[in-house]
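Here is a friendly tour through a few local features, with the structure at hand to follow along. Have a look at it first, and then read on.

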Amino acid sequence: MASGATGTTTGSDWGKADFEAIYNCPDPRRYFTTLQPLDYQIPHHGQAVFRTIADALRQRRPGRTPLDVVDLCCSYGVNAALLNHRLTLDDLYGRYTALGHATSRTPQLVHADRTFFATLRRPQAARVTGIDAARRAVDYARDVGLLDRGFPENLERDEPSAALRHALAGTDLITVTGGVGYISARTFARLFDCLSSPPWVAAFVLRTVSYRPVARLLDRAGLVTEKLTSRTFRQRRFADGAERRAAFDALTGHGLSTAGKEADGFYHAELFLSRPAADIAALPLADLLPG
């Protein structure tokens with residue numbers, strides 16, 4: 001079993017290893033040092049996809065500057081870092097694994113990271129609101145400037161706070177990489193109750209998890225959901241044999257073959273993009289993300 005994993009979860013339908021201990025630390029060093037050996041890579045795929053989608057949105061909504069992006073299950077602000085800064089996921093691995101055994105205290109790292117990210121900020125950076133139940137991870141991402149606004153709230157359990165409702169009002173794009181399964185249509189319903197007009201929703205969803213309940217909810221909100229059919233995206237390696245067997249059992253239950261996908265030893269995610277029908281007619285997903 002990989003360092004940091006404590007066994008498989010029991011509350012999910014796909015038996016993922018439990019990495020709970022790395023998701024709510026004061027800073028992201030343990031997160032990166034634990035996930036690097038598993039070749040965790042879905043934020044890398046998200047970087048290219050979300051930048052392309054954000055560019056398309058700017059063209060469709062030229063008056064919206066900056067774009068308002070809401071990142072669900074934002075953790076330490078990894079998606080925000082990759083969307084808005086001139087760096088790669090490998091750069092983040094290099095930085096935090098090198099610092100993983102350093103004696104620097106979190107306040108020192110926060111100060112250094114604030115400068116580090118500020119010098120790499122891209123033009124036309126989006127304004128990112130992060131939502132995650134892990135308070136310390138959200139605090140870190142907000143303190144170093146990756147999140148413009150951060151809310152440590154569990155929308156599976158609770159209604160959004162008044163402050164979060166206010167922050168969501170002008171949302172252009174909702175992103176999520178891998179959180180679906182931990183969050184359900186309940187979270188999306190509570191988000192959409194706060195919105196005056198539906199944003200685009202871009203979600204990477206593991207093939208072990210059904211996105212149908214979320215897609216149905218988004219349909220009722222006026223969005224049409226397309227799935228990218230040309231490819232899937234590796235998320236990370238299986239942590240151990242038990243996790244692999246649980247994933248294969250879940251996929252079999254969904255009537256899906258692992259050949260050419262999870263048989264390679266990795267979780268695979270699919271990309272779903274939900275938009276108003278007029279936006280799809282103007283730019284179909286196959287044209288937006290060819291290949």
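## L120 and its surroundings

L120 is buried, with a relative accessible area of 19%. Since the model is a predicted one, please read each value here as a property of that model. The cut-off for calling a residue buried is under 20% relative accessible area, and L120 meets it at 19%.

Where does L120 sit? Its place is the loop that joins α5 to β2. Setting aside neighbours up to four places along the sequence, L120 has contacts with N84, H85, R86 and L87. One of these partners, R86, is 34 residues from L120 in sequence, yet the two C-alpha atoms are 5.2 Å apart in space.

## The pair α4 and α5

The loop of L120 follows on from a helix that has a packing partner of its own, so to speak, in the list below.Helix α4 covers residues 89-98 and helix α5 covers residues 106-118. The two pack at an angle of about 155°, and their axes are 13 Å apart. Angles over 145 degrees count as roughly antiparallel, and α4 and α5 are therefore roughly antiparallel to each other. Their crossing is right-handed.

Which residues bring α4 and α5 together? From α4 come L92, R95 and Y96, and they meet L109, A112, D113, F116 and F117 of α5. Sorted by class, this contact holds 6 nonpolar residues, 2 charged ones and no polar ones.

## The pair α8 and α9

A second helix pair is formed by α8, residues 185-192, and α9, residues 212-220. What is the angle between them, and how far apart are their axes? The angle is about 20°, and the axes are 9 Å apart. Angles under 35 degrees count as roughly parallel, which makes α8 roughly parallel to α9. The crossing of α8 and α9 is right-handed.

On the α8 side the contact is made by A185, F188, A189 and F192. These residues meet P213, V214, L217 and L218 on the α9 side. By class, the contact of α8 with α9 has 8 nonpolar residues, with no polar and no charged ones.

## Cysteines without a disulfide

How many disulfides does the model contain? The count is 0. A disulfide is a covalent bond between the sulfur atoms of two cysteines, and the cut-off used for the pair of sulfur atoms is within 2.5 Å.

Take C74 as an example: its closest cysteine sulfur belongs to C73 and is 8.1 Å away, too far for a bond. C74 counts as buried, at 3% relative accessibility. C194 is in no disulfide either, with the nearest cysteine sulfur, again that of C73, at 16 Å. C194 is buried as well, with a relative accessible area of 12%.

## Positive phi at D39 and Q124

Two residues deserve a look at their backbone torsions. D39 has phi near 55°, a positive value in a residue other than glycine. The residue is found in the loop between α1 (29-35) and α2 (42-60). D39 is partly exposed, with a relative accessible area of 31%.

Q124 also has a positive phi, of about 60°, although it is not a glycine. This residue lies in the loop between α5 and β2 (127-131). Is Q124 buried or exposed? With a relative accessible area of 56%, Q124 is exposed.

## D172, a buried loop residue

D172 belongs to the loop between α7 (162-168) and β4 (173-177). At 2% relative accessibility, D172 counts as buried.

What does D172 touch, apart from residues up to four places away in sequence? Its partners are L57, R61, R64, P66, L67, D68, P199 and W200.

## T129 in strand β2

T129 is placed in strand β2. The residue is buried, and its relative accessible area is 1%. Not counting residues up to four places away in sequence, T129 touches V69, V70, D71, L147, R149 and F151.

As for a more distant residue, T129 and R244 are 115 residues apart in sequence, and their C-alpha atoms are 34 Å apart in space.

Notes
Residues are numbered from 1 along each chain as its sequence is written. This is a predicted model: local features need pLDDT of at least 70, side-chain atom pairs count only at pLDDT 80 or more; totals for chains, interfaces and linings use all residues. Side-chain values use heavy atoms; hydrogens and water are left out. Axes are lines fitted to C-alpha atoms, for helices over the stretch in contact, and angles run from 0 to 180 degrees between N-to-C directions. Helices (H or I, at least four residues) and strands (E, at least two) are DSSP runs, numbered from the N terminus. Angles under 35 degrees count as roughly parallel, over 145 as roughly antiparallel, 65 to 115 as roughly perpendicular and the rest as oblique. A crossing is left-handed if the near helix is turned anticlockwise from the far one by less than a right angle, and right-handed if clockwise. Contact means heavy atoms within 4.5 Å. Ala, Val, Leu, Ile, Met, Phe, Trp, Tyr, Cys and Pro count as nonpolar, Asp, Glu, Lys and Arg as charged, and the others, Gly among them, as polar. Buried means under 20% relative accessible area, exposed over 50%, partly exposed in between (1.4 Å probe, protein chains only).
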